[in-house]
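Biologist: I would like a close look at a single part of this model, the pocket region. Please tell me what surrounds it and how those surroundings fit together.

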Amino acid sequence: MLFTRPVRNTDQLLKDKFSIKELIEFERFCRDNALWDEMRKCFAPDSTVKISWFTGTGAEFVDASIKMDAHAPHKLYNTVIQLNNDRAVAVTMATIQTSADIDGCTVELQSDLKLLYRLQVINKSWHIVFMEGIYEKDALLPSSGGYFSIARNELDEYRPSYANLSYLLKMSGFEVNMDLPGIDRPDSVQQIYNEAEHWLYE
């Protein structure tokens, strides 16, 4: 089983968990604040990132984020970490926030997801070797007191776990991966948990 209740944390386990949590939060902070050189240092050379609008290496993800030129800050909540020597799997609860203009109305996106990480000690420090989103739900809300309308059939082509996020991404010219793990496809979520568990203990 990938995640089990912690029974006893040694000093080293606590230090590792703190370092991992700090790394996860720092990488997202760098992404939100355009600290590209520091963000790049968070990823292992052969890392993989799979999210709604991007699939590739960590370095390529940084480059694509620079070109994206969009402000979409992340709110991070709880993080659960499972360790095995120099490897770890972590899941962080998060919300993606961004704004857009629809029909002259400023709208705010709130997209809830879990970020699943595989992390490994490389050259004596933790690095991200894999990051993937597990999408849950999202919503578009007017923030300026105006009115906007999206036809139901325009959202029906997207997955319900990240339909509004997909709509805004497509509106901005991005291709969206419709085959990502999400709570609307429980088997896909279980599959990446199984893959993470196999990697952690192989």
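Modeller: A pocket here is an open set of points on a 1 Å grid over the protein atoms alone, where a 1.4 Å probe fits and protein lies on both sides within 12 Å along at least five of seven lines; lining residues have an atom within 4 Å of a point. Its volume is the space filled by probe spheres set on the points, which are joined across faces, edges and corners. This is a predicted model, where local features need pLDDT of at least 70 and side-chain atom pairs count only at pLDDT 80 or more, while totals for chains, interfaces and linings use all residues. Residues are numbered from 1 along each chain as its sequence is written, and side-chain values use heavy atoms, with hydrogens and water left out.

The largest pocket holds about 400 Å³ of space. It is lined by 25 residues, and those closest to its centre are Met68, Ala72, Ile96, Leu165 and Leu169. Helix 1 (11-32), helix 3, strand 4, strand 5, strand 6 and helix 5 each give two or more residues to this lining; helices (H or I, at least four residues) and strands (E, at least two) are DSSP runs numbered from the N terminus. By class, 18 of the lining residues are nonpolar, five are polar and two are charged. In this scheme Ala, Val, Leu, Ile, Met, Phe, Trp, Tyr, Cys and Pro are nonpolar, Asp, Glu, Lys and Arg are charged, and the others, Gly among them, are polar.

Let us start with helix 5, which spans residues 163-171 and has seven of its nine residues buried, meaning under 20% relative accessible area with a 1.4 Å probe on protein chains only. Leu165 and Leu169, already met by the pocket centre, are among these buried residues, together with Ala163, Asn164, Ser166, Tyr167 and Leu168. Their cover includes helix 3 (58-68), strand 4 (87-102), strand 5 (105-122), strand 6 (125-142) and helix 4 (152-156), with contact taken as heavy atoms within 4.5 Å. After helix 5 comes Gly173, with a positive phi near 95 degrees.

Strand 4 is the next stop, with 13 of its 16 residues buried. It pairs with strand 5 in the antiparallel sense over 16 bridges, where pairing needs at least two DSSP bridges between the strands. One such match joins Thr98 to Leu109 in strand 5. The hairpin of strand 4 and strand 5 has two residues between the strands, and Asp103 takes a positive phi near 55 degrees there.

Strand 4 also pairs with strand 3 (residues 74-84), again in the antiparallel sense, over nine bridges. Here Gln82 has Val89 of strand 4 as its bridge partner. Two residues separate strand 3 and strand 4 in their hairpin, and Asn85 in that turn shows a positive phi of about 60 degrees.

Strand 3 brings us to the second largest pocket, with about 240 Å³ of space. Of its 13 lining residues, Thr4, Pro6, Lys17, Ile81 and Gln82 are the closest to the centre, so you meet Gln82 again here, the bridge partner of Val89. Helix 1 and strand 3 each supply at least two lining residues, and strand 3 gives the largest share, four residues. Seven of the residues lining this second largest pocket are nonpolar, three are polar and three are charged.

Note on methods
Buried < 20%, exposed > 50% of the residue type's maximum accessible area, 1.4 Å probe, protein only.
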